[in-house]
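Biologist: Hi! I'm new to this one, so could you walk me through it?
Modeller: Happy to. Let's put it on the screen.

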Amino acid sequence: MTASSEPVIVTERDRTLHICLNRPTAGNALNWATLEGLHRAFTVLNDEERLWAGVLTATGDTTFCAGADLKTLPQEVAAKQAEGIPLPETIMHGLRIRKPLLCAINGDAYGGGLELALACDMRLASEHARLALPEARVGMIPAGGATYRLPQLVGKGRALRMMIAGEPITAAEALTWGLVDRVVTKGELGSAIEEWTEMILRSAPLAVQAIKELVDGSDNKEAHHAEAAAIARIQRTADAAEGPRAFRERRKPTWCGR
């Protein structure tokens, strides 16, 4: 699997679509090609009736996803927007999945990587994984639904702490907080994925999809629009430009509050 050069690897097994982020040398960070690959994979999961469940994971055992690739994605987004091409829809925004989706967090999940996991229905994590939302440290805010999904899972106080301080928490803390559903050792993750997918597949697929539709229907659409508006506002600030620039230059950002 790791020999493939595709940024997202998709395999089908036992009515389950396995979706694997595959940019290990870049921390499986999200660039434009990765977002396109995720969009295609999630669309297949939605549309193919033979598929009853999905699993999202990543190549390697160190990093699940380091978040947005700040070295390339801002420039890619700007170029695509100049051509009138919108950001590919994923489970973080715009694409609602009808089938249950399990996330296997095989390593550190930062920023957009954690937001991908939050948009899944269930989460397993390796015990060595760390989870963080450090966007404020580069002058931005979480852009993939964390501002309304995270408080639903861990409560307002803990969610604010994660998003404002940007400090990572351990997998054990995430389990205690309710952010993940189970923590296993690195060697147990594969068997845990099989166990949980088998559990999902034991239930009637149409009943499962109906339950998921009803639960997802309670999502706060107003919060989604408010987050999108806030992101658009923050992106126009000088601090939002300074954060990625400082990251690329490997220095501490100098904030101006404008």
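Modeller: This is a predicted model. Six strands make an open sheet with mixed pairing, in the order β1-β2-β3-β5-β7-β10.

Biologist: Which strands stand at the edges of that sheet?
Modeller: Those are β1 (8-13) and β10 (182-184). Each has a single partner strand, so one side of each is left without a neighbour in the sheet.

Biologist: And how much are neighbouring strands turned against each other?
Modeller: By 20 degrees on average, with direction ignored.

Biologist: What packs on the sheet?
Modeller: Helix α1 (residues 32-47) does, touching β1, β2 (16-21), β3 and β5. The direction of α1 makes about 175 degrees with that of β2.

Biologist: Let's look at the pairing. In what sense do β3 and β5 pair?
Modeller: Strand β3 (residues 53-58) and strand β5 (residues 101-105) pair in the parallel sense, over three bridges. If you want a spot to click on, Val 55 has Leu 102 in β5 as its bridge partner.

Biologist: How about β1 and β2, parallel or antiparallel?
Modeller: Antiparallel, with six bridges joining them. Thr 11 stands opposite His 18 in β2. The two strands form a hairpin with two residues between them. In that turn, Asp 14 has a positive phi of about 55 degrees.

Biologist: I also see some other strands. What order do β4, β6, β8 and β9 have?
Modeller: They form an open sheet of four strands, in the order β4-β6-β8-β9, and the pairing is mixed. At the edges stand β4 (63-65) and β9 (169-170). Each of these has a single partner strand, so one side of each lacks a neighbour in the sheet.

Biologist: Which residue stands opposite Ala 109 there?
Modeller: Leu 131 in β8. Strand β6 (residues 108-110) and strand β8 (residues 130-132) pair in the parallel sense over two bridges.

Biologist: Changing topic: how is the chain divided into domains?
Modeller: Into domain 1 (8-201) and domain 2 (204-249). Their centres, taken over C-alpha atoms, are separated by 13 Å.

Biologist: How many residues are in contact across the two?
Modeller: 21 residues of domain 1 are in contact with 20 residues of domain 2.

Biologist: Now pockets. What volume does the largest pocket have?
Modeller: About 1600 Å³. It is lined by 47 residues, and the closest to its centre are Ala 68, Leu 73, Met 140, Ala 143 and Gln 235.

Biologist: Which elements give two or more residues to that lining?
Modeller: α1, α2 (73-82), α3 (112-118), α9 (221-235) and α10 (238-248). Of these, α2 gives the most, with six residues.

Biologist: And what's the lining like by class?
Modeller: There are 30 nonpolar, 10 polar and seven charged residues in the lining of the largest pocket.

Biologist: Where does the largest pocket lie with respect to the domains?
Modeller: Between them, because domain 1 and domain 2 both give residues to its lining.

Biologist: Great, thanks for the tour!

How values were computed:
Residues are numbered from 1 along each chain as its sequence is written. This is a predicted model: local features need pLDDT of at least 70, side-chain atom pairs count only at pLDDT 80 or more; totals for chains, interfaces and linings use all residues. Side-chain values use heavy atoms; hydrogens and water are left out. Two strands pair if DSSP finds at least two bridges between them. Axes are lines fitted to C-alpha atoms, for helices over the stretch in contact, and angles run from 0 to 180 degrees between N-to-C directions. Contact means heavy atoms within 4.5 Å. On a 1 Å grid over the protein atoms alone, a cavity is a set of points where a 1.4 Å probe fits but cannot get out, and a pocket is an open set with protein on both sides within 12 Å along at least five of seven lines; lining residues have an atom within 4 Å of a point. Grid points are joined across faces, edges and corners, and a volume is the space filled by probe spheres set on the points. Ala, Val, Leu, Ile, Met, Phe, Trp, Tyr, Cys and Pro count as nonpolar, Asp, Glu, Lys and Arg as charged, and the others, Gly among them, as polar. Domain bounds come from an automatic or database domain assignment.
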